[in-house]
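Reader: I should like to go through the terms used for this structure and see how each one is justified. Please set every value against its definition.

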Amino acid sequence: MTAERIKKCYGVLQLLSQIGLFCLLAWAMDQLSVYFALPIPGSVLGIAILLLLMGLKLVPEKSVKLGAGWLTGELLLFFIPPVISIIKYESLFEQYSAPLMLTLVIGSVCVLLGTGFVVDRVFRFETKMNIKRLSAAKAIGEA
Amino acid sequence: MSQSMLAAISLVFTLSCYFLIKQLYLKKRVWWLAPILIVPVVIVLFVVSLKIPLPAYFEYTHWLVALLAPATIAFSVPIYRERKLIFSYPLTIGIGVVTGLLLGLLSSWGLTQIFSLPPELSQSTLVRSVSTPFAMEATSAFGGVPELTAMLVLLTGIIGMLVCEPLFKLAKINSPLAIGAALGAAAHGAGAAKASEFGKEEGVVASLTMIFTGIAMVLGAPFFSIFLV
């Protein structure tokens with residue numbers, strides 16, 4: 001029982017410290033972006049840096065996995081507050097609700113169909129290419 | 001009641017409402033309990049009925065919004081984890097991202113012109129198909145309002161989730177990569193959640209497409225805005 005509790009406590013501490021690290025990195029990257037007046041926002045810089053650190057094996061994936069899983073899993077919670085400010089724009093949404101909904105629905109249908117159609121074709125092409133490359137590599141190996 | 005009292009109540013209510021509904025949804029699995037649908041409605045009703053002024057609502061809850069930036073950085077972990085898939089289908093994923101991004105931008109631009117929506121709405125609509133943290137970052141390049149953008153992104157996610165199935169059947173789109181890319185590009189996080197109902201690979205591709213379109217939108221926004229505003 002106590003062993004289980006200690007394990008749980010340890011898990012929570014691990015999660016919190018990883019989230020803390022992500023926050024620290026976000027803050028540092030934001031400072032960097034502002035200080036050098038970079039056209040790239042801190043969050044995108046952060047993605048690049050962390051990818052680089054993981055790629056170079058300087059940061060093992062398992063030391064950030066827990067925090068990353070939580071942060072991306074609860075994304076909805078973090079943008080609830082801006083959504084609530086719809087109250088401020090109530091009349092705007094009411095006045096334009098029909099054309100706005102049409103825009104969103106037709107637009108989404110365009111993106112879904114267009115992207116799906118294009119990717120379906122490219123996927124078939126690239127799968128063929130991958131098979132060809134694999135068999136070519138095999139042939140070279142056999143020769 | 002004092003403002004900080006209302007602010008504390010707002011934060012506690014927002015947190016408990018979100019986690020309770022999420023638990024309930026995981027247990028019951030009925031579509032109308034989907035947190036993305038019901039949580040904003042419940043909280044808006046709560047704020048309106050208690051007449052909580054918006055500044056009081058934001059006083060503490062803005063700390064939640066501050067977690068959007070770290071959450072964006074956390075997207076690097078799924079990119080790293082799925083590097084094998086990315087390296088075996090660079091063309092498919094790349095073209096999916098470019099197609100999705102351009103279709104999202106152009107369809108929003110064209111439709112808002114046709115329906116002649118007022119500028120604050122039409123400019124906030126342009127980035128509607130990318131994930132919220134990226135959209136809120138990119139929207140100002142087009143003259144959009146971050147709060148309006150968050151709402152439009154949320155609606156777009158819900159719509160994509162609801163309309164995708166009959167569309168895929170109708171257009172005979174059935175390869176996992178196509179389903180994943182379409183949902184990730186059209187409906188970001190909500191689309192990725194929906195895609196993982198189709199299968200594991202669909203879900204992974206949707207997440208990757210969502211992340212890459214988001215990054216591309218943020219990086220490209222200053223450039224796209226020259227043509228679209």
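Author: The answers below concern salt bridges, burial, the chain interface and one bent helix.

Author: This is a predicted model, in which local features need pLDDT of at least 70 and side-chain atom pairs count only at pLDDT 80 or more, while totals for chains, interfaces and linings use all residues. Residues are numbered from 1 along each chain as its sequence is written, chains are lettered from A and ligands numbered from 1 in the order in which they are written, and side-chain values use heavy atoms, with hydrogens and water left out.

Reader: What makes A:Lys88 and B:Glu147 a salt bridge?

Author: A salt bridge requires a side-chain nitrogen of Lys or Arg within 4 Å of a carboxyl oxygen of Asp or Glu. The closest N and O atoms of A:Lys88 and B:Glu147 are 3.9 Å apart, so the pair meets the rule. This pair crosses between chains, from the loop between α5 and α6 of chain A to helix α10 (residues 146-170) of chain B. Helices here are DSSP runs (H or I, at least four residues), numbered from the N terminus.

Reader: How many salt bridges are counted between chain A and chain B?

Author: The count is two. A:Glu74 also pairs with B:Lys22, with the closest N and O atoms 2.9 Å apart.

Reader: Why is A:Asp120 called buried?

Author: Buried means under 20% relative accessible area, exposed over 50%, and partly exposed in between (1.4 Å probe, protein chains only). A:Asp120 has 2% relative accessibility and therefore counts as buried. A:Arg124, at 49%, is partly exposed. A:Asp120 forms a salt bridge with A:Arg124 at 2.9 Å, and another with A:Arg121 at 3.3 Å, N to O.

Reader: How extensive is the contact between chain A and chain B?

Author: With contact defined as heavy atoms within 4.5 Å, 69 residues of chain A touch 92 residues of chain B. The two chains bury about 7200 Å² between them, 83% of it on carbon and sulfur atoms; buried area is the accessible area (1.4 Å probe) that two parts lose on being put together, summed over both.

Reader: How do you know that α11(B) bends, and where?

Author: The bend at a residue is the angle between axes fitted to the seven residues ending there and the seven starting there. At B:Ala187 this angle is about 145 degrees. Helix α11 (residues 176-198) of chain B spans only 8 Å between its end C-alpha atoms, whereas a straight helix of 23 residues would span 33 Å; the expected span is 1.5 Å times one less than the number of residues. Of the 23 residues of α11(B), 17 are buried, so this helix is largely enclosed by the rest of the structure.

How values were computed:
Helix = DSSP H or I, 4+ residues; strand = E, 2+ residues; numbered from the N terminus.
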